[in-house]
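Good morning, and thank you for coming. May I ask you to take a moment with the sequence and the structure before I begin?

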Amino acid sequence: NADMALYAAKAAGRNTYHFFKPIFADQASERLELELALREAMERQELSLYYQPKVAASDHGFLGFEALLRWNRGELGFVPPDRFVPVAEDCGLIGQIGSWVLAEACGQIARWYRAGYGWRKVAINVSARQLVHDDLVGMIGRECERQGISPTLLEVEVTESCVMSNPSQTSPILAALRAMGVSVAIDDFGTGHSSLSYLRRLPVDVIKIDRSFVHEAARDTGAEAIVKTIVNLSKTLGMDVVAEGVETLEQAEMLARMECDVLQGYCFAQPMPVDEIERRWRESDATPSALGLAEI
Ligand code: C2E
Ligand code: MG
Ligand code: MG
Ligand code: MG
């Protein structure tokens with residue numbers, strides 16, 4: 001296939017783009033295939049949530065989870081969310097998937113409590129489409145009521161580019177979420193085009209530094225300066241700051257020195273299915289209600 005494409009490019013001459021055509025065709029058909037399979041994924045119960053712990057930078061104590069969507073296509077394996085979430089957004093399935101994620105996360109908070117594991121705070125990721133077009137505030141209110149949980153146990157993560165694409169539209173929605181007790185986090189911060197003066201006016205509780213800066217900060221002084229600046233800015237604005245993608249103890253120590261509040265990454269734990277989390281809790285010595293991260 002690649003050889004044929006190369007041959008076509010040669011035959012057509014140097015200054016044409018024929019070389020890329022077959023690749024685009026493949027991507028388009030791959031997307032279509034994903035879209036068709038995704039439409040059935042919910043009925044087949046192929047979607048699930050994994051949970052990744054967040055810990056305090058100061059003592060690595062457990063603070064809560066981020067719920068991350070997983071699509072297990074059986075023999076075809078897991079499809080990474082970075083590949084299927086954009087497809088779901090484009091083909092209009094994200095609303096349905098997003099409300100499933102919300103219901104599942106709220107249900108899990110309630111199930112953990114009933115099983116004696118205490119109240120566990122969970123953050124869910126929300127797409128631009130859901131934030132703007134769905135009645136997210138109403139949906140969260142109804143779901144929390146149905147499960148008998150407080151909205152203060154929920155956090156909503158929206159990407160910087162989503163919020164900043166139309167701040168006058170997104171800000172009131174974020175404000176309404178906060179008014180009902182849900183905390184709001186800006187995800188992948190540093191990758192978008194935030195106007196810093198606008199950030200000051202955004203109704204936001206938490207800033208999550210994108211993992212690309214976290215990875216480079218230990219080696220690259222430019223990235224280190226960016227991380228430091230984001231931490232200081234967040235503090236000044238009274239926001240909590242989370243570093244995502246923390247993979248080494250060296251990174252964790254550097255972030256703690258910078259007074260970053262919360263850490264998340266493979267250094268502490270990978271995203272895990274519910275049974276794995278509960279197995280670790282059960283195998284720990286702590287009483288269920290006092291379970292912390294030491295056991296995870
Ligand atoms: P995100 O919200 O920024 O999530 C963080 C990503 O970093 C996750 O990838 C997580 O597994 C990964 N990660 C965590 N710790 C480390 C680490 O130490 N090193 C590295 N290299 N990676 C780490 P994942 O689970 O593949 O999710 C990718 C993206 O898909 C998420 O980025 C989020 O934007 C989106 N996504 C996931 N679940 C949902 C969902 O339920 N709804 C929506 N709308 N988007 C979702
Ligand atoms: Mg996130
Ligand atoms: Mg992120
Ligand atoms: Mg991301």
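I shall go through the metal ions, then ligand 1, then the aromatic rings, and finally the cysteines and one polar contact.

Please keep in mind throughout that this is a predicted model.

Let me begin with the metal ions. Which residues coordinate the magnesium ion that is ligand 2? The donors are E66, through an OE atom, N125, through OD1, E157, again through OE, and D187, through OD, at distances of 2.0 to 2.2 Å. Written along the sequence, the spacing of these donor residues is E-x58-N-x31-E-x29-D. Two of them deserve a closer look. N125 belongs to strand β4, residues 122-125, and E157 to strand β5, residues 154-159, so this pair ties together parts of the chain that are 32 residues apart in sequence. Their surroundings can be stated as well. N125 has a relative accessibility of 29% and therefore counts as partly exposed. E157, at 1%, counts as buried.

The magnesium ion that is ligand 3 is held by D187 and D188, each through an OD atom, and by E244, which appears twice, through OE atoms; here the distances run from 2.0 to 2.6 Å. For this ion the donor spacing in sequence reads D-D-x55-E. Distant parts of the chain are linked here: D187 sits in strand β6, residues 183-189, whereas E244 sits in the loop between β8, residues 240-243, and α12, residues 249-257, and the two are 57 residues apart. Are D187 and E244 buried or exposed? Both D187 and E244 are buried.

How far apart are the two magnesium ions, ligand 2 and ligand 3, and which residue coordinates both? The separation is 4.2 Å, and the shared residue is D187.

I turn now to ligand 1. It is surrounded by 23 residues, and the closest are N125, D187, R211, E247 and Y266. You will recognise N125 and D187 from the coordination of the magnesium ion, ligand 2. Some polar approaches to ligand 1 can be given individually. A polar side-chain atom of R211 comes to 2.6 Å from one of the ligand's oxygen atoms. In the case of Y266, a polar backbone atom is 2.8 Å from an oxygen atom of ligand 1. E244, a donor to the magnesium ion that is ligand 3, has a side-chain N or O atom 3.4 Å from an oxygen atom of ligand 1.

Next, the aromatic rings. How many aromatic pairs are counted in the model? The count is 10. One of these is formed by Y51 and F65, whose ring centres are 5.9 Å apart and whose planes stand at 70°, so the pair is edge-to-face. Y51 is part of strand β1, residues 47-56, and F65 is part of strand β2, residues 62-72; the pair therefore ties together parts 14 residues apart in sequence. Y51 and F65 are both buried.

A second pair, Y113 with W119, is stacked, with 3.7 Å from centre to centre and 5° between the planes. Y113 counts as partly exposed, because its relative accessibility is 41%. The value for W119 is 41%, and W119 likewise counts as partly exposed.

There is also a cluster, in which ring pairs link Y51, F62, F65, W112, Y117 and W281. A further ring takes part in another kind of arrangement: the charged end of R70 sits over the ring of Y50, at 5.4 Å from the ring centre.

Let me now come to the cysteines. Why is there no disulfide between C106 and C144? The sulfur of C106 has its closest cysteine sulfur in C144, at 4.4 Å, and this is too far for a bond, because a disulfide requires sulfur atoms within 2.5 Å. The number of disulfides in the model is accordingly 0. Both cysteines are shielded: C106 is buried, with a relative accessible area of 0%, and C144 is buried too, at 2%.

Finally, one polar contact. E46 is found in the loop between α2, residues 21-41, and β1. With a relative accessible area of 15%, E46 is buried. Its side chain makes a polar contact of 2.9 Å with the side chain of W71.

To close, I would return to D187, which coordinates both magnesium ions and is also among the residues closest to ligand 1. Thank you for your attention.

Terms used. Residues are numbered from 1 along each chain as its sequence is written. Chains are lettered from A and ligands numbered from 1 in the order in which they are written. This is a predicted model: local features need pLDDT of at least 70, side-chain atom pairs count only at pLDDT 80 or more; totals for chains, interfaces and linings use all residues. Side-chain values use heavy atoms; hydrogens and water are left out. Buried means under 20% relative accessible area, exposed over 50%, partly exposed in between (1.4 Å probe, protein chains only). Donors are N, O and S atoms within 2.8 Å of the metal (3.2 Å for Na, K and Ca); water is not among the atoms, so sites may look incomplete. Helices (H or I, at least four residues) and strands (E, at least two) are DSSP runs, numbered from the N terminus. Rings of Phe, Tyr and Trp (its six-membered ring) pair if their centres lie within 6.5 Å; planes under 30 degrees apart count as stacked, over 60 as edge-to-face and the rest as tilted. A charge sits over a ring if NZ of Lys or CZ of Arg is within 6 Å of the ring centre and within 35 degrees of the ring normal. A residue is near a molecule or strand if one of its heavy atoms lies within 4 Å of it. A polar contact is a pair of N or O atoms within 3.5 Å; within protein, one must be able to donate a hydrogen and the other to accept it, and residues adjacent in sequence count only if both atoms are side-chain atoms.
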